[in-house]
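Please open the structure in your viewer and keep the selection panel at hand. The stops below are meant to be followed in order.

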Amino acid sequence: MTGRIFLKLIAGVFCVLLLALVTVDYTASEVARDANIQNLIQQVAEKGRMLAVSAPDPAALGVEQARKMASAAGGRITVVRSDGKVLVDSEADAARMENHRTPDRAELVKAFGGEVGWKIRHSATIGIDFLYVAVPIAGGAIRIAVPLSEIERQAARVRVKILGSTALAFLPAIAIAAVFSRWISRRFAAIMAHAGELARGNFRARLARPGKSEFGQLGETLNELSENLQRTVEQLQREHAELERVERVRKDFVINVSHELRTPLASIQGYTETLIDGALSDPQYNMRFLQIIRHNAERLARITEDLLTLSRIEQRRQKFEFEPHLVNGLLHEAVESIRPIAAKSHLQLDLEPAPADSEAWCDSEAVSQILSNLLDNAIKYTPEGGRITVGAQPAGRFMEVYVRDTGIGIPPEEQPRLFERFYRVDKARSRELGGTGLGLSIVKHLVAAHHGSTRVESRLNQGSTFYFTLPADESALGEEQLNPEFTAP
């Protein structure tokens, strides 16, 4: 590729130089010829004046004397009277020559008027071009005719010298053009190769050391184009991956919802059919079957409510009222509301208050639901005699709230997926305890609506601690949260 570009460039340069050489040749030849003609006119005119002085009576000149004078002058001599009659000619019989006072002999017309006249004209007698120079004399004019062959020879010699000098001068120009063409061809080849990489989808390709020339600027532009294309492709890949992830989540969600609803519905249907078939009249079974039906109906209601809550949050239809609240007040309300359930399970429930007057900018109802879900999980997975602690501590522009238990703990490999919908570490135990598998997912979404974060620390058989953060002041909340019309993302 580089060789082809180089040959094309050097051929183009050679054609330009050749055109310049032809132009120089033509111009220099014409200039040299005109200069020689003007010089010859002056020389012949001087010889004519000398002949006029040396021959006071040109009409008395004989043919032999005219020939001697013509030989000395280096040309043909013709003496013409003012009325156009040829008196003597060094090469022809004057008596047979036509009248020379004609418009086509402008040099004689001008000489008859008292001035030196000249004209280049083709001689019909000899068949070559002549320079005719006429000098005025008393009663007529002396005309000297000189052939232009010598001038042509001189012009040819000058032309050869000019062409040789110009050709020698073009040699370094060709060498410089070759170097420059090689440089340009390499730059073109690099740019074309880079464009080929882009066409093949390699948007990570870059031109090395573009420089500050026009090629460098083009290289910079191509590099910027590569970077933009690379960013666009990477963005599209990320979006595609995100769409695939969302699609997987959607499919998993549909499967999980179907599975979660199928179990209680099947139980309700089975026990209802049993009651219809006669068990309703059996006091030994009817009340127990009705209790099971009610339990599964309550489970369906909890699943439905949690799904609606998640849907409202994800579709930005959950409205929040962000106001400053005392952190210890929020913790106290949550602990007292759950204390009877903890006492029934023989669990110790403690409160580790935050520094006095600590505030959090939040929606109190949302925080109450977050703490309720975390405490509910802690009670379910902490054996009798265990301990649950609720507390808070400052963390920069946020308040970090935690719920710690001494329960069964969570395996490390399970912890990254805890906040996914319907994900359970112990599925059988969770269903037995009435869990929907949506509580921690709701916690994550509600905390995210406060610009907070969630995390968990846990060790098997030693307990777990769930953390979430709430903004400590208005500046930690985004402008959209401060808008009264804000709805959760």
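The tour begins with the whole chain and then proceeds to individual selections.

**Whole chain**

Please bear in mind throughout that this is a predicted model. Select the entire chain and colour it by secondary structure: 11 helices and 12 strands appear. The chain has 489 residues, of which 39% count as buried. A surface representation displays about 28,100 Å² of exposed area, with carbon and sulfur atoms supplying 56% of it. If contacts between residues at least 6 apart in sequence are drawn, 64% of them join residues at least 24 apart.

**Salt bridges**

How many salt bridges does the structure hold? The total is 13, and the following selections visit some of them.

Select Asp89 and Arg76 and show their side chains. The two meet in a salt bridge, with an N to O distance of 3.1 Å. Asp89 belongs to strand S2 (residues 86-89) and Arg76 to strand S1 (residues 76-81), so that the pair, 13 residues apart, links distant parts of the chain. Are these two residues buried or exposed? Asp89 counts as buried because its relative accessibility is 1%. Arg76 is buried as well, its relative accessible area being 12%.

Move next to Asp93 and Arg96. They form a salt bridge whose closest N and O atoms are 3.7 Å apart. Here Asp93 is partly exposed, at a relative accessible area of 44%, and Arg96 is exposed, at 75%.

Then select Arg455 and Glu457, whose side chains meet in a salt bridge of 2.7 Å, N to O. Arg455 is partly exposed, with a relative accessible area of 36%; Glu457 also counts as partly exposed, at 39% relative accessibility. To finish this part, select Glu98, Asp104 and Arg105 together: salt bridges that share partners join them into one network.

**A nonpolar patch**

Return to the surface representation and select Leu168, Leu171 and Ile174. These residues make a nonpolar surface patch of about 280 Å². Leu171 can be located in helix H4, which covers residues 149-199. Leu171 is classed as exposed because its relative accessible area of 51% is over the 50% cut-off.

**Helix H7 and its surroundings**

Select residues 327-344, which constitute helix H7. With 18 residues, H7 reaches 27 Å from its first C-alpha to its last, close to the 26 Å expected at 1.5 Å a residue. Where in H7 does the kink lie? Centre the view on Ile338: a kink of about 45° is found there, shortly before the proline Pro340.

Now show the side chains of the buried residues of H7, namely Val327, Leu330, Leu331, Ala334, Val335, Ile338 and Ala342. Ile338 thus marks the kink and is also one of the buried residues.

Which elements do the buried residues of H7 pack against? To view these partners, add the following selections:

- strand S6 (323-326) and strand S7 (348-352);
- strand S8 (359-362) and helix H8 (364-380);
- strand S9 (387-395) and strand S10 (398-405).

For the final stop, select His346, just after H7, and inspect its backbone: His346 takes a positive phi of about 60°.

Methods
Residues numbered from 1 in each chain as written. Predicted model: local features only at pLDDT ≥ 70, side-chain atom pairs only at ≥ 80, totals over all residues. Heavy atoms only, no water. Helix = DSSP H or I, 4+ residues; strand = E, 2+ residues; numbered from the N terminus. Buried < 20%, exposed > 50% of the residue type's maximum accessible area, 1.4 Å probe, protein only. Contact = heavy atoms within 4.5 Å. Areas by Shrake-Rupley, 256 points an atom, 1.4 Å probe, with all protein chains shown as cover. Salt bridge = Lys/Arg side-chain N within 4 Å of Asp/Glu carboxyl O. Patch = residues over 30% accessible without salt bridge, like charges linked within 9 Å, V, L, I, M, F, W, Y side chains within 5 Å. Expected span 1.5 Å × (residues − 1). Bend = angle between axes of the 7 residues up to and from the residue.
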